Amino acid sequence: MMSDIRLRQDILDELEYEPSIDAANIGVTVEDGIATLTGHVHSFEEKHTAERVAQRVKGVRAIAEEIVVRLPENKKAADDEIASRVVKILAWGAAIADLKDIQVKVENGYVTLEGTVDFHFQRSAAESLVRRLTGITGIDNRLRIRPMLDVLDIRHGIREALKRNAEIEAENIDVEVSGSHVTLRGKVQSRRERIMAERAAWSARGVTAVEDHLTIEEPKGRFNS
């Protein structure tokens, strides 16, 4: 098992290696594989990237993210200006179908998104678009997914999506739907197949939660000589 000291150094090295962030003011502590990131960065995008970089380091079990965004003076903007930018970038985003169902609030650079969308990917896309803006200090994504009432349509849509995907053995996966909650059960042959199956479930209209109980089972004879 990797020591916390070694893991801490690996995270620091990975942060330093990432070209899109300035890691000079980021601190790292590790206890039992749980990494805590502290310090400050100059944008919310950097803060988000630092967390993703730490998560991809082998041996990290969880992340406690306590980085503060300190905007340079020339990057600071009034809340009404930021709100206007948020509305514009959401309007330009092709993934966001109906902007009138999204409300934007900005306080001290901290953006809150509220309202409803039809798909999980729209919720993620809205946050991703806003994250790119300069002048913001944080995002609270409270967007809800508008549920569908027809459970059979959700299940059928997911089943058909699984069948169409060449990387998925659809016959080995069971899809259960309760309201807007989807549960996947069965066996897959790789972590990638598992991710693709979960993505297919999230792509269905109205799905608000996906519970993944798929198990990875290596093909028989794979390691035979």
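Buried residues account for 38% of the 225 residues in the protein chain, which is described here from a predicted model. The chain contains six helices and 10 strands, and its C-alpha trace extends over about 55 × 50 × 25 Å along the principal axes. Among the contacts in the chain with a sequence separation of 6 or more, 64% are formed by residues 24 or more positions apart. The area exposed by the protein chain comes to about 13,300 Å², of which carbon and sulfur atoms supply 48%. With regard to charge, the chain carries 33 positive and 39 negative charges, and the mean positions of these two sets lie 2 Å apart.

In soluble globular proteins, nonpolar side chains tend to be buried together. In the present model, the largest nonpolar core comprises 59 residues, and the members that touch the most other members are Ile-11, Leu-15, Leu-90, Val-130, Leu-162, Val-182 and Leu-184. The element that gives the most to this core is α6, with five residues. For Leu-162, when neighbours within four places in sequence are set aside, the contacts are with Ile-168, Ala-170, Ile-173, Val-175, Ala-197 and Ala-200; of the elements named here, α6 spans residues 191–202.

According to the unreviewed UniProt entry, the annotation "domain: BON" covers three stretches of the chain, namely residues 3–71, 78–147 and 150–218. Over residues 3–71 the chain is 38% helix and 29% strand, and the C-alpha atoms at the two ends of this stretch are separated by 35 Å.

Within residues 3–71, two loop positions were examined individually. Ser-20 is placed in the loop that connects α1 (4–17) with β1 (26–31), and Ser-20 counts as partly exposed because its relative accessibility of 45% falls between the limits of 20% and 50%. Apart from residues up to four places away in sequence, Ser-20 touches Glu-46 and Thr-49. The C-alpha atoms of Ser-20 and Ala-50 are 9.2 Å apart in space, although these residues are separated by 30 residues in sequence. Asp-32, for its part, occupies the loop between β1 and β2 (34–41) and, although not a glycine, has a positive phi of about 55°. With a relative accessibility of 48%, Asp-32 likewise counts as partly exposed.

A positive phi of about 55° is also found at Asn-108, which is not a glycine. Asn-108 lies in the loop between β5 (102–107) and β6 (110–117). The relative accessibility of Asn-108 is 63%, and this residue therefore counts as exposed, the limit for that class being over 50%.

Gly-206 is situated in the loop between α6 (191–202) and β10 (209–216). The relative accessible area of Gly-206 is 0%, and this loop residue is therefore classed as buried, for which the limit is under 20%. Gly-206 and Val-117 are 89 residues apart in sequence, while the distance between their C-alpha atoms is 8.6 Å. Loop placement is thus accompanied by burial at Gly-206, by partial exposure at Ser-20 and Asp-32, and by exposure at Asn-108.

How values were computed: Residues are numbered from 1 along each chain as its sequence is written. This is a predicted model: local features need pLDDT of at least 70, side-chain atom pairs count only at pLDDT 80 or more; totals for chains, interfaces and linings use all residues. Side-chain values use heavy atoms; hydrogens and water are left out. Helices (H or I, at least four residues) and strands (E, at least two) are DSSP runs, numbered from the N terminus. Buried means under 20% relative accessible area, exposed over 50%, partly exposed in between (1.4 Å probe, protein chains only). A nonpolar core is a set of buried Ala, Val, Leu, Ile, Met, Phe, Trp, Tyr and Cys residues joined through side-chain atoms within 4.5 Å. Contact means heavy atoms within 4.5 Å. Accessible areas come from the Shrake-Rupley method with a 1.4 Å probe; for residues, only the protein chains shown count as cover. Lys and Arg count as positive and Asp and Glu as negative; His and the chain ends are not counted. The place of a charge is taken as NZ of Lys, CZ of Arg, CG of Asp or CD of Glu. UniProt positions are given in the numbering used here, feature names are shortened, and annotations may be inferred rather than shown by experiment.
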